[in-house]
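Biologist: Got a minute to go through this model with me? I'd like to start with the aromatics.

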Amino acid sequence: MKKYLLMFSGIAFLFFYSNINAQDLLDRIKDKVQERVDQKTDEAIDKGLDKVEDEATKENENKKEDENKNQEEVKTDESTETTEVEQQEVKPKKQELKSFSKYDFIPGDKVIFYEDFAQDAIGDFPALWNTNKAGEIMTTNIAPGNWFKMREYGMFWLEKGVNLPSNCTIEFDIIPDDNGEEQQSSGMDFTVIEYLENEIYPTGYVPGKGGVVLNLYTPNGIHTISGYSEGNYNISGDYSKEIGLLKLKEVNHVSIWIQKSRIRVYIHGDKVFDLPKAIDPALQLNQIRLWPPEGSEPLISNLRIAEAGADMRSKFLTEGKLVTHGILFDVNSDKIKPESYGTLKEISKVLTENADVKVKIVGHTDSDGSDAANLDLSKRRAASVKAALTKDFGVDGSRMETDGKGEVEPIDKNTTPEGKANNRRVEFIKL
């Protein structure tokens, strides 16, 4: 504005000292001023539009880069989603011992059946099993060892069956997986039955003469159990949570304790069922059947069936020695698995109730591996047990000595999976 006032002052000077017609001069001045105002306005508008256009272009370029980045991430996620179990890309979080603090499950002492598929070749169907569909042995980085992957909607059962004692425990690890498509449920039906010899295979939802069906599914959070005999249900129950106890594409430990008609079921240390009259006591349970639903292709391993033993307290005090197979370790490691909590808790009770008793904790292994490595491993495992009893259960460490014998004192043959499982043990010897 100040600039234009000076301009008018100069024009007025010209007006007084020139012979130009006043009206013509005013018109020319007005046109010239308007022309300059328009020019300045156009320049300001152009600058503003240029800035907006530059910002818009930059925003579009950033948006495009973000979209490209997101597409790459989606491709990676999609690739991982459908292959993460087979391509060995997922490692679950390790559970700590204290996460099983309410776990009162104690595995049976004498192993009567053990299946870790170690004797089977990768890609083969397992030798001890049968099916009406297909399955194969595979490995995964989610967990060590061999795993049996079952194909969707197939039925899988033990070729020769297994006679279950009236007081027994059943444990297994399961990795729920799918066939790459979005499904409502992943998992399987786990059925323990009295198998009839005239049946071709245990078909139908309630096969055999009778038994109990346990439904294990994720992610819907629903697990159900049904006991039946002669096709009629004795009792049924369900356990429902917004988020399922089973974790998709992770190792899940399932424990089952059968005592005549009573059955207790644990998943990751949580007691899911405790039904006192679920099983007809007249049944002789002799078969296990696995049945994944449509779209589900779970992996299982470490199936362990054992006869439950006598009370730990009375056995230790009367015999002066307690042999336990319920303290479990990671493969070739002294790291105690969290599902050992129930056994450790029971042993700590025995030691607490008998405060004047001192014990020697002795580790034992099977014959796999070298003598020297097994001896070292057994010693380290015994030390880990002492540390857990002291740290997590408050047992005075000065009351406990440790030792390891490796593979040199077997209590069973090392030529079968069951024999090896029995030889892997921890003993508590009264001093």
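Modeller: Sure. Phe148 is buried, at a relative accessible area of 0%. Buried here means under 20% relative accessible area, exposed means over 50%, and partly exposed is in between, with a 1.4 Å probe and protein chains only.

Biologist: Before we go on, what kind of model is this?

Modeller: This is a predicted model, where local features need pLDDT of at least 70 and side-chain atom pairs count only at pLDDT 80 or more, while totals for chains, interfaces and linings use all residues. Residues are numbered from 1 along each chain as its sequence is written, and side-chain values use heavy atoms, with hydrogens and water left out.

Biologist: OK, how many aromatic pairs does the structure hold?

Modeller: There are 12 aromatic pairs. Rings of Phe, Tyr and Trp (its six-membered ring) pair if their centres lie within 6.5 Å; planes under 30 degrees apart are stacked, over 60 edge-to-face, and the rest tilted. Phe125 and Phe148 have ring centres 5.4 Å apart and planes at 85°, so that pair is edge-to-face.

Biologist: Where do Phe125 and Phe148 lie?

Modeller: Phe125 lies in the loop between β1 (110-115) and β2 (129-131) and Phe148 in strand β4 (residues 143-150), so the pair ties together parts 23 residues apart in sequence. Strands are DSSP runs of E with at least two residues, helices are runs of H or I with at least four, and both are numbered from the N terminus.

Biologist: And Phe125, buried or partly exposed?

Modeller: Phe125 counts as partly exposed, at 27% relative accessibility. Phe125 also forms a stacked pair with Phe156, 6.4 Å centre to centre with 20° between the planes. Phe156 sits in strand β5 (residues 156-158), 31 residues from Phe125, and Phe156 is buried at 0%.

Biologist: Which residues do ring pairs link into a cluster?

Modeller: Phe117, Phe125, Trp129, Phe148 and Phe156.

Biologist: Switching to the sheet. What's the strand order?

Modeller: It's an open sheet of 4 strands, β16-β19-β17-β18, with mixed pairing. Two strands pair if DSSP finds at least two bridges between them. β16 and β18 stand at the edges with a single partner strand each, so one side of each has no neighbour in the sheet.

Biologist: How many bridges join β17 to β19?

Modeller: 6, and those strands run antiparallel. His364 has Arg425 in β19 as its bridge partner. β16 and β19 are antiparallel too, over 4 bridges, and Thr324 stands opposite Val426 in β19.

Biologist: Which face of β16 is covered?

Modeller: The one with Leu322 and Thr324; Lys321 and Val323 make up the uncovered face.

Biologist: What about α4, which strands does it lie across?

Modeller: α4 lies across β16, β17, β18 and β19, at about 170° to β16. Axes are lines fitted to C-alpha atoms, for helices over the stretch in contact, and angles run from 0 to 180 degrees between N-to-C directions. The buried residues of α4 pack against elements including α3 (312-319) and α5 (371-393), with contact meaning heavy atoms within 4.5 Å. Among those buried residues are Leu344, Ile347 and Leu351.

Biologist: Last one, any oddities in phi? Where's Lys260 found?

Modeller: Lys260 is in the loop between β11 (252-259) and β12 (262-267). Lys260 has a positive phi of about 55° although it is not a glycine, and Lys260 is exposed at 59% relative accessible area. Phi of Tyr153 is positive as well, near 60°, and Tyr153 is in the loop between β4 and β5.
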